[in-house]
Amino acid sequence: WGFFAVLQGCFVFKPSSKKRRSSEKTAHDFRSRSDDSEDTELRFVTCQSLWNQIKAETEQIQEDLNKQLLDNLVSFLSRSHSEFQEKTTEWTCRMKFREIPTAALVLGVNVTDHNLTFRGLSDVLQDNISPYVALLEAKDCPGIKNLMQKLMGQLMSCDIDVDSMEDEDCVQVSQNRIRCSMSSLISWYESVTKKTDSETPSKKRNSSSRHWQSPPVVVIFKDMESFTTKVLQDFIVIGSQHIHELPLVLIFGIATSPMIIHRLLPHSVSSLLCIELFQSLSCKEHLSTIIDKLLLTSQFPFKLGEKVLQVLINIFLYHDFSVQNFIKGFQLCIVEHFYSQPLSVLCCQLVDVKKRVCSLSHDQCENIRRLPSFRRYVEKQESGKQIDLLTNDSFLKGETEKLLEDLHVYHENYVSILRCLHVFTSSLPKYPLGKQIRELHCACLENRVWETEEYESSLQLARMLNNTDLVTMLQQCVEILMSSSGKEFDKTVEKLKEFLTQFQNLEAEASQEQDVSVSSQKELQKKTDLYQLQKTLLEMKESRRSKKLTKFEMLRFEVVDYIDSLVRKYLVPAADRTLHEIMYFNAAAVLRGHLNAAPRTALHTALNNPHWYLKNQALKCDGGGISNKAPDICIVYKLHLECGRLINLVDWLEAFSTVVMAAEEPNADAASSDQVDDIIHARFIRAVSELELLGFIKPSKQKTDHVARLTWGGC
């Protein structure tokens with residue numbers, strides 16, 4: 001049994017039976033749902049249209065967030081390129097010291113988002129700087145030879161553009177096998193630049209015609225930390241020796257810190273680089289912008305519930321910091337909502353609500369009546385209206401249309417007041433409700449925020465703000481409400497402007513009172529009689545003890561109370577709104593099951609119950625039996641569950657042979673019997689090897705004919 005190899009064991013913590021039963025029930029319900037309803041096509045079209053809008057908005061957001069970074073990089077490369085073109089004094093000095101212009105691009109630890117950034121950077125550079133851009137990854141460049149092959153392969157493919165596809169020589173040259181070295185790269189570069197110079201202006205690219213005389217060769221190291229020191233060192237040294245012939249520019253993609261350059265490269269090599277640092281937007285700020293533009297807006301009718309949003313945020317904060325994975329999770333929520341919710345056909349823009357409601361069938365009306373929020377709404381109505389809502393479909397459609405319109409208005413008002421509240425809470429010396437607006441949004445979705453201790457602490461801190469801070473906050477709230485699409489804030493804006501006017505008046509009065517107090521202090525200083533001076537001081541002390549609230553303090557209390565009234569009116573949790581199930585996705589358990597993979601559970605299910613995935617009823621066994629029609633690895637796995645810590649391979653083989661031969665008749669022919677035994681023996685060896693590869697067993701050092709079991713407990 002020399003085929004065994006030492007593998008790392010798997011250690012399992014057995015979950016509670018209640019949690020296991022609930023997860024199995026959720027999975028069974030998800031698989032058993034039928035998707036043959038009459039509005040399936042409309043739901044699919046609505047889902048696809050909504051996701052396309054969100055995807056376009058997301059791409060635009062990411063483009064705007066990266067614009068400043070890309071513009072700075074383009075400016076840096078343009079300067080390096082122009083210096084090479086004009087052979088300026090600075091470039092001559094660089095040639096003398098053999099320095100390579102290098103951009104250190106710090107992107108953060110969200111490595112999964114880097115590909116999108118580098119693709120955008122490559123497109124921008126090819127459009128504005130140079131057609132010769134190469135993207136290198138450490139996994140493709142274990143040595144300098146592999147790096148040069150990858151570099152020349154990408155650069156030569158760049159040489160074949162749309163205008164030169166008709167030129168057979170160009171294609172032929174790029175297809176020839178060229179020795180991958182720096183001299184070959186320089187020869188190729190000189191040939192393509194001379195060829196470009198001889199072309200007519202009509203064949204040049206309009207967007208980058210000013211760079212075609214001698215465009216730089218841009219080499220992007222996507223994951224610099226993963227490159228070996230020798231590969232980077234050799235390439236930089238070779239490139240610096242030919243910098244006067246090849247305008248090489250390097251871009252280092254860094255996930256950790258710029259100091260990694262000096263840790264990977266010795267001073268003799270790093271001194272050959274003229275490094276400029278570029279910092280991208282942090283992934284947390286990126287996520288906050290995505291949430292602000294996608295969720296805190298009335299542009300999209302689909303919304304995430306508090307628990308679902310918290311699941312996505314927790315995965316982002318505690319797993320990968322990946323904005324792209326957050327967007328994929330958001331997409332999964334959309335698909336799951338439209339698939340599982342029959343009434344998601346009503347999750348549409350306000351202009352389409354009336355048309356969708358009028359086309360509802362009787363079954364869909366019954367689905368509305370089953371919604372928990374609608375049941376609570378019916379219970380609050382009069383008996384006559386209750387009967388109409390439960391029996392009259394036409395009346396129900398009219399009421400549904402009104403409720404959905406109210407839900408859209410609620411979203412518009414909610415977002416505006418939430419932003420106003422965030423203006424106050426984010427300016428406090430402490431952040432009881434969180435500094436980010438997404439934290440405040442989760443608090444408002446979870447329950448009535450005004451009933452929480454954090455909200456009370458925020459109000460107490462707000463009642464101690466000074467005049468300047470309050471005026472600034474009120475001005476920001478006025479701007480938010482005036483830019484809002486909500487139609488109920490005209491009186492609110494007038495009230496806030498009235499507060500601003502009162503603060504301005506108080507400020508003018510305060511300046512006058514200050515002058516009066518200064519004059520009274522001067523008069524007090526003039527009094528030389530000790531008795532009179534003591535009497536005046538006692539009167540001032542007594543007046544301070546019995547002092548009432550000033551006009552500013554009263555106005556400040558009035559402002560805070562007014563903001564509190566707006567919060568209580570407009571920031572009602574979405575779960576308290578009727579028909580919120582149509583637009584809000586709240587299945588956090590389903591989402592967690594999709595995103596938080598449980599490979600051990602899935603593996604145990606596949607090996608112990610193969611019919612679960614293969615959908616073959618012949619493999620189903622009741623009472624813990626073992627079917628001889630199951631795959632060999634399933635048979636071996638179920639047999640190993642019956643063993644202890646050490647498993648005797650001979651006994652295991654005999655049990656396997658018994659199960660496999662259970663349905664076959666005994667063969668009298670000895671030769672045939674030996675051949676069958678050899679086949680069964682080979683099948684057993686293969687199954688045991690696969691089980692070892694999965695980490696369920698390992699060779700035992702105690703007994704050579706035994707293996708040790710590594711997993712215990714159920715799933």
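**Figure 1. Lys615 lies in the loop between helix H28 (611-614) and helix H29 (632-640).** The model is predicted. Lys615 is not a glycine, yet its phi is positive, at about 55°. Is this residue buried or exposed? Lys615 is exposed, because its relative accessible area is 59% and the cut-off for exposed is over 50%.

**Figure 2. Phe321 sits in the loop between helix H12 (306-320) and helix H13 (323-340).** This is another non-glycine residue with a positive phi; for Phe321 the value is about 55°. The relative accessible area of Phe321 is 25%, so the residue is partly exposed. Helix H13, which follows this loop, returns in the next view as a partner of H11.

**Figure 3. Helix H11 (residues 283-294) packs against H13.** The two axes are 10 Å apart. The packing angle is about 25°. H11 and H13 are therefore roughly parallel to each other, as the angle falls under 35 degrees. The crossing of H11 past H13 is right-handed. Which residues of H11 meet H13? From H11 come Cys283, His286, Leu287, Ile290, Ile291 and Leu294. Facing them in H13 are Val323, Phe326, Ile327 and Phe330. Sorted by class, this contact holds nine nonpolar residues and one polar residue. It has no charged residues.

**Figure 4. Helix H18 (residues 393-425) crosses helix H21 (residues 467-483) at roughly 165°.** Their axes come within 9 Å. Are H18 and H21 roughly parallel or roughly antiparallel? They are roughly antiparallel, because the crossing angle is over 145 degrees. H18 passes H21 in a right-handed crossing. On the H18 side, the contact is made by Ser416, Ile417, Arg419, Cys420, Val423 and Phe424. On the H21 side, the residues are Leu470, Met473, Leu474, Gln476, Cys477, Ile480 and Leu481. By class, ten of the residues in the contact of H18 with H21 are nonpolar, two are polar and one is charged.

**Figure 5. Phe395 belongs to helix H18 and touches Lys385, Asp388 and Leu389.** Those contacts leave out residues up to four places away in sequence. Phe395 and Lys385 are ten residues apart in sequence. How far apart in space are Phe395 and Lys385? Their C-alpha atoms are separated by 9.2 Å. Phe395 has a relative accessible area of 30%, and so counts as partly exposed.

**Figure 6. The whole protein, as context for the close-ups, has 31 helices and ten strands.** How much of the protein is buried? Of its 715 residues, 42% count as buried. The accessible surface of the protein is about 38900 Å². Carbon and sulfur atoms supply 51% of that surface. Among contacts with a separation of 6 or more, 77% join residues 24 or more positions apart.

Methods. Residues are numbered from 1 along each chain as its sequence is written. This is a predicted model: local features need pLDDT of at least 70, side-chain atom pairs count only at pLDDT 80 or more; totals for chains, interfaces and linings use all residues. Side-chain values use heavy atoms; hydrogens and water are left out. Helices (H or I, at least four residues) and strands (E, at least two) are DSSP runs, numbered from the N terminus. Buried means under 20% relative accessible area, exposed over 50%, partly exposed in between (1.4 Å probe, protein chains only). Contact means heavy atoms within 4.5 Å. Accessible areas come from the Shrake-Rupley method with a 1.4 Å probe; for residues, only the protein chains shown count as cover. Axes are lines fitted to C-alpha atoms, for helices over the stretch in contact, and angles run from 0 to 180 degrees between N-to-C directions. Angles under 35 degrees count as roughly parallel, over 145 as roughly antiparallel, 65 to 115 as roughly perpendicular and the rest as oblique. A crossing is left-handed if the near helix is turned anticlockwise from the far one by less than a right angle, and right-handed if clockwise. Ala, Val, Leu, Ile, Met, Phe, Trp, Tyr, Cys and Pro count as nonpolar, Asp, Glu, Lys and Arg as charged, and the others, Gly among them, as polar.
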